[in-house]
Each structure stands twice: as C-alpha cells, then as structure tokens.
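This note is offered to a colleague who is new to the structure shown below. The points concern one helix, the nonpolar core and the surroundings of the ligand.

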Amino acid sequence: SAQDAKAGEAVFKQCMTCHRADKNMVGPALGGVVGRKAGTAAGFTYSPLNHNSGEAGLVWTADNIINYLNDPNAFLKKFLTDKGKADQAVGVTKMTFKLANEQQRKDVVAYLATLK
Ligand code: HEM
C-alpha cells in the first residue's frame with residue numbers, strides 16, 4: 001500500500017538508536033538524506049563501502065533507500081559491482097541494522113523525506 005509518513009515516524013524510533021536528523025551520532029545525520037549523494041553528511045567518517053558507493057554515483061533516492069534498508073551490505077556491493085567496481089565491493093558497512101518489512105521501509109522513507 002501507499003507510503004505513510006506518520007507510520008514512518010514510529011518506525012524511525014528504531015533508527016534513532018544511531019541517527020538524528022540534525023547531527024551525526026553513531027550514524028550520519030539523516031535530515032535531507034532523500035536526494036543526497038551517498039557518503040556526504042558533513043563531518044561523518046564513513047566506511048569505504050559507503051563512501052565509494054557515493055563516489056561511484058549512488059544517490060539516495062526513495063527507491064534506493066527502500067532497497068538498501070533490506071540489506072545494506074548486499075545493496076552497496078551490488079551497486080558497486082553493477083558499476084564495474086567489484087574491486088571496491090569489499091568490507092562491510094558500519095550500518096549493522098536491517099529492516100525486513102517492506103511496508104515499514106516504504107513508510108520510514110516517506111518520513112525521511114519530511115526531514116530537513
Ligand atoms: C548509514 C538510514 C538504522 C547506523 C545510513 C544511511 C542511511 C541510513 C540512508 C546512509 C547515509 C549516507 O550515505 O549519508 C537508516 C534508517 C534506519 C537506520 C532509515 C532505520 C530504519 C540504523 C541503526 C544504526 C545505524 C539502528 C546503528 C545500529 C548507521 C551507520 C551508518 C549508517 C553507522 C554509516 C554506514 C557506513 O559508513 O558504512 N543509515 N539507518 N543505522 N547507519 Fe543507518
């Protein structure tokens with residue numbers, strides 16, 4: 001069904017273990033992340049896997065975030081491999097969290113789109 005930002009706000013509580021909209025914590029600030037180049041929150045030190053994906057052209061569209069959250073390592077490694085950069089598709093992302101529920105992924109991304 002449709003994306004529901006209100007339901008997504010509740011899902012985002014799980015993200016808040018590590019993320020805020022407006023500052024870096026364990027994870028990078030997520031305000032403005034929808035439409036942002038991967039690996040570019042100011043002042044955050046990313047894993048090579050996340051950083052290299054941005055350099056290879058990964059932009060956090062809503063669809064990309066929805067797919068990423070299902071399995072961040074698999075998503076980033078596939079992205080780099082598809083770009084012909086299998087040599088960079090090594091190591092692990094620092095984001096250890098996965099969200100298996102597709103409706104929750106859609107909803108949380110609708111909420112992320114409201115964060116400035
Ligand atoms: C990275 C979203 C939960 C830790 C990211 C990125 C996104 C994201 C979009 C990439 C940001 C960028 O490239 O600038 C979310 C959402 C979550 C969630 C929507 C909840 C549904 C968590 C949790 C943790 C976490 C619970 C900690 C246990 C991190 C870390 C990174 C990251 C450390 C940097 C990854 C790296 O450098 O490899 N997250 N996250 N996230 N997240 Fe999350």
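**Notes on the helix H5, the core and the ligand shell**

1. In this predicted model, the buried residues of H5 are Arg105, Lys106, Asp107, Val108, Val109, Ala110, Tyr111 and Leu112. The helix is thus described as mostly covered, with eight of its eleven residues buried. Charged residues are part of this buried set, among them Arg105, Lys106 and Asp107.

2. Against which helices do the buried residues of H5 pack? Their partners are helix H1 (5-15) and H3.

3. The largest nonpolar core comprises 18 residues, and the most contacts inside it are made by Ile65, Val108, Val109 and Leu112. Two or more residues each are contributed by helix H3 (62-70), helix H4 (72-82) and helix H5 (102-112). H5 supplies the largest share of this core, namely five residues. In soluble globular proteins, nonpolar side chains tend to be buried together.

4. Ile65 merits separate mention. Leaving aside residues up to four places away in sequence, Ile65 touches Val34, Trp60, Val109 and Leu112. Of these partners, Val109 and Leu112 are also among the buried residues of H5.

5. The ligand is surrounded by 27 residues, of which Cys15, Cys18, Gly27, Ser47 and Met95 are the closest. The elements giving two or more residues to this shell are H1, helix H2 (48-55) and H3. H3 also gives two or more residues to the largest nonpolar core.

6. What is the make-up of the shell by class? Around the ligand there are 17 nonpolar, nine polar and one charged residues.

Key: Residues are numbered from 1 along each chain as its sequence is written. This is a predicted model: local features need pLDDT of at least 70, side-chain atom pairs count only at pLDDT 80 or more; totals for chains, interfaces and linings use all residues. A nonpolar core is a set of buried Ala, Val, Leu, Ile, Met, Phe, Trp, Tyr and Cys residues joined through C-beta atoms within 7 Å. A residue is buried if 20 or more other C-beta atoms lie within 10 Å of its own, exposed if 12 or fewer, and partly exposed in between; C-beta atoms are placed from the backbone. Helices (H or I, at least four residues) and strands (E, at least two) are DSSP runs, numbered from the N terminus. Two residues are in contact if their C-beta atoms, placed from the backbone, lie within 7 Å. A residue is near a molecule or strand if its C-beta atom, placed from the backbone, lies within 6 Å of it.
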